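Dear colleague,

Please find below the structure I am handing over to you. My notes on it follow directly after.

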Amino acid sequence: MDLNACIKEHGLIAILRGIHPREAEEIGLTLYEEGFRIIEVPLNSPSPCDSIRALRQALPQDCLIGAGTVLTAQQAAAVKQAGGQLIVMPHSDPAVIDAAKAAGLFCAPGVATLTEAFAAVARGADAIKIFPAEQITPAIVRAWRAVFPRHIPLLPVGGITPEGMADYLAVGANGFGLGGALYKPGNSASDVRQAARQFMQAWRQCQP
């Protein structure tokens with residue numbers, strides 16, 4: 001599955017920060033049933049590579065599984081070994097981008113400025129995580145998109161709600177990373193399903 005095609009069709013990345021391996025399969029299947037096709041386990045979660053491995057084994061191949069909060073090249077290698085396909089970063093360290101691409105993984109570095117975004121793309125980034133979205137408004141994204149390569153997805157992350165997505169999509173954002181509003185530690189599969197359904201309905205309403 002190509003990252004760009006997956007983002008274009010589905011758009012929403014589930015961020016399962018704090019998930020335990022024992023619940024990864026149930027939560028992952030719930031998200032898949034509601035239309036999610038990209039799932040990320042941040043590496044500051046309990047035994048994250050075990051959760052990544054469980055998700056990869058449980059979910060169909062048209063669902064991309066990856067890791068977030070990837071800070072080092074060594075962590076990128078561990079994600080690859082666990083079966084992950086996507087590296088998501090809170091920063092844009094070129095060494096981590098290099099490691100991800102050398103391992104054959106998709107990479108979405110986190111940036112807060114246009115200069116960082118262009119540097120990350122020059123290094124091989126497949127998508128750009130706009131982080132934190134709370135301080136990077138739709139007006140700023142509009143200005144970025146006017147000069148940024150159209151084939152590179154822009155993905156606001158941080159504080160995204162179902163109601164807030166339309167304004168970003170209208171100015172050139174391509175999708176979103178969804179954290180605490182979608183999943184928090186202790187949430188049941190039923191809780192996640194309800195939130196996932198709200199986000200997916202909002203996403204589909206914004207599609208042409």
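In this predicted model, the largest nonpolar core has 62 residues. Those with the most contacts inside this core are Leu12, Leu31, Phe36, Ile39, Ile87, Ile128 and Leu182. Helix α9, residues 189–206, supplies the largest share of the core, namely eight residues. Another core lies apart from it and has 12 residues, including Leu3, Cys6, Ala127 and Leu155.

Ile39 may serve as an example from the largest core. Leaving aside neighbours within four places in sequence, Ile39 is in contact with Ala14, Leu16, Gly28, Leu31 and Leu55, and also with Leu59, Cys63, Leu64, Ile65 and Gly66.

I would also draw your attention to some points of the backbone. Most residues other than glycine have a negative phi, and most peptide bonds are trans. Two residues with a positive phi may be noted against that background. Ser47, which is not a glycine, has a phi near 45°; this residue is placed in the loop between β2 (38–42) and α3 (48–58). Thr69, likewise not a glycine, has a phi near 55° and is found in the loop between β3 (64–68) and α4 (73–81).

Are these residues buried or exposed? Ser47 has a relative accessible area of 40% and is therefore partly exposed. Thr69 is buried, because its relative accessible area of 17% is under the 20% limit.

Finally, the peptide bond from Phe131 to Pro132 is cis, with omega near -5°. Pro132 belongs to the loop between β7 (128–130) and α7 (138–147).

With kind regards

Definitions and conventions: Residues numbered from 1 in each chain as written. Predicted model: local features only at pLDDT ≥ 70, side-chain atom pairs only at ≥ 80, totals over all residues. Heavy atoms only, no water. Helix = DSSP H or I, 4+ residues; strand = E, 2+ residues; numbered from the N terminus. Buried < 20%, exposed > 50% of the residue type's maximum accessible area, 1.4 Å probe, protein only. Core = buried A, V, L, I, M, F, W, Y, C linked by side-chain atoms within 4.5 Å. Contact = heavy atoms within 4.5 Å.
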